[in-house]
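Work through the exercises below with the sequence and the coordinates open. Each task is followed by a solution in steps.

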Amino acid sequence: MIQTDKQAVGGSPSIAQSDYWWYRARTRILETVMKPYVGTPRRLLDVGSADGPSVTWLEGTAEQHVSLDVDPRGLAEGGVCGSATGLPFADGSFDVVAAFDVIEHCDPEATALAEIERVLAPGGRFLMSVPAYAWAWTSHDDHNHHYRRYTRRRAVEAVRGAGLVPLRATYGFTGTFPMFAAQRLVTRFKERDAGAVQQLPDGAVAPLPEVSPAIERLLLGATRIDERLLPALDLPFGSSVLVTALKPHR
């Protein structure tokens, strides 16, 4: 999770449950979509590395892998504690910058994306994932200090606005989308009737939805649909948006 102007920001849920099914599935989906664009970079920056379980596939792809997060609990030894809206690196420092489920935490959004564009070298690649659909907003987004959810078009427009050239944009978690949509809609109705969202203690890690072993197996099996289709197709809907982009040579 990345520094915003909201106070008492808690850490990523992955700090408490790194083996949660969603993180394990996201690892494979991100690798399927993003790895063809990574290449063999000299320097790679992982912004928001508290979600480390989903970036293990990037290990060993770069000569130097730099991790940054505002929450030291999400940093391995040697990581940098810092904010996406003020990256502590020189212009053009990195060949690849990854920000997986980070930009939705940043306000202004444009500042974070401008910082990413700034530290990318010309010809560098940006890898981004963000949560999909404003209609899916629930207390989970409030507890995780989100500012927004995205459509594919909205995510592409934001990347273009930073001066980057989109290379690929697709939805992810299409296989689990029917279950995701049903759960979010039911939760919205319940929360609407309940009134104000219950606040978490300062700095608390937001809880993840509990699932039984049988449901976990079902969900993981459904994500295999994404893995089979994504090498050849951009998917038309899903609970995440995945974008890869290029910083052009000026």
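**Exercise 1. A loop with a backbone exception**

In which loop does Phe173 lie? Describe its backbone and its burial, then do the burial part for Thr174.

Solution. The model is a predicted one.
- Step 1: Phe173 is located in the loop between β6 and α5.
- Step 2: phi of Phe173 is positive, about 60°, although the residue is not a glycine.
- Step 3: the cut-off for buried is under 20% relative accessible area. Phe173 has 1% relative accessibility, so Phe173 counts as buried.
- Step 4: Thr174 is also placed in the loop between β6 and α5. With 12% relative accessibility, Thr174 counts as buried.
- Step 5: leaving out residues up to four places away in sequence, Thr174 touches Asp226, Leu235, Phe237 and Gly238.

**Exercise 2. The loop between β4 and α2**

Find the cis peptide bond at Pro108 and the positive phi at Asp101, and place both residues.

Solution.
- Step 1: the bond from Asp107 to Pro108 is cis, and its omega is near 5°.
- Step 2: Pro108 belongs to the loop between β4 and α2.
- Step 3: Asp101 is likewise in the loop between β4 and α2. Its phi is near 55°, which is positive in a residue other than glycine.
- Step 4: the relative accessible area of Asp101 is 11%, so Asp101 is buried.

**Exercise 3. Two helices and what covers them**

Which residues of α4 are buried, and how are they arranged around the helix axis? List what covers α4 and α2.

Solution.
- Step 1: Ala155, Val156, Ala158 and Val159 are the buried residues of α4.
- Step 2: viewed down the axis of α4, these buried residues lie within an arc of 160°, so they line one face of the helix. As background, an α-helix has 3.6 residues a turn, so residues three or four places apart point the same way.
- Step 3: Arg153, Arg160 and Gly161 are exposed on the other side of α4.
- Step 4: the cover over the buried residues of α4 includes α2, β5, β6 and β7 (240–246).
- Step 5: helix α2 spans residues 109–119, and its buried residues are Glu109, Ala112, Leu113, Glu115, Ile116, Glu117 and Val119. Their cover includes β1 (43–47), β4 (94–100), β5 (120–131) and α4 (152–161).
- Step 6: Gly163, just after α4, has a positive phi of about 90°.

**Exercise 4. An arginine in a strand**

Is Arg168 buried or exposed? Trace what its side chain reaches and which residues it contacts.

Solution.
- Step 1: Arg168 sits in strand β6, residues 165–172.
- Step 2: its relative accessible area is 13%, so Arg168 is buried.
- Step 3: the Arg168 side chain reaches the backbone oxygen of Leu233 at 2.6 Å.
- Step 4: neighbours within four places in sequence are left aside. Arg168 is then in contact with Val33, Tyr37, Leu230, Leu233, Asp234, Leu242, Val243 and Thr244.

**Exercise 5. Two partly exposed residues**

Place Arg24 and Met179, and classify the accessibility of each.

Solution.
- Step 1: Arg24 is in helix α1, residues 21–34. Its relative accessibility is 33%, so Arg24 counts as partly exposed.
- Step 2: apart from residues up to four places away in sequence, Arg24 touches Asp19, Glu216 and Leu220.
- Step 3: Arg24 and Ser54 are 30 residues apart along the chain, and 6.7 Å separates their C-alpha atoms.
- Step 4: Met179 is in helix α5, residues 177–194. At 31% relative accessibility, Met179 counts as partly exposed.
- Step 5: together with Val211, Ile215 and Leu218, Met179 makes a nonpolar surface patch of about 290 Å².

**Exercise 6. The chain as a whole**

How many helices and strands does the protein chain have, and in what order do the elements run? Add the totals for burial, contacts and surface.

Solution.
- Step 1: the protein chain has 6 helices and 7 strands.
- Step 2: from the N terminus, the order is α-β-β-β-β-α-β-α-α-β-α-α-β.
- Step 3: of the 250 residues in the protein chain, 52% are buried.
- Step 4: among contacts with a separation of 6 or more, 77% come from residues 24 or more positions apart.
- Step 5: the protein chain exposes about 11300 Å², and carbon and sulfur atoms supply 54% of that area.

Notes
Residues numbered from 1 in each chain as written. Predicted model: local features only at pLDDT ≥ 70, side-chain atom pairs only at ≥ 80, totals over all residues. Heavy atoms only, no water. Buried < 20%, exposed > 50% of the residue type's maximum accessible area, 1.4 Å probe, protein only. Helix = DSSP H or I, 4+ residues; strand = E, 2+ residues; numbered from the N terminus. Contact = heavy atoms within 4.5 Å. Polar contact = N/O pair within 3.5 Å; in protein donor to acceptor, adjacent residues only side chain to side chain. Arc of directions from axis to C-beta. Patch = residues over 30% accessible without salt bridge, like charges linked within 9 Å, V, L, I, M, F, W, Y side chains within 5 Å. Areas by Shrake-Rupley, 256 points an atom, 1.4 Å probe, with all protein chains shown as cover. Salt bridge = Lys/Arg side-chain N within 4 Å of Asp/Glu carboxyl O.
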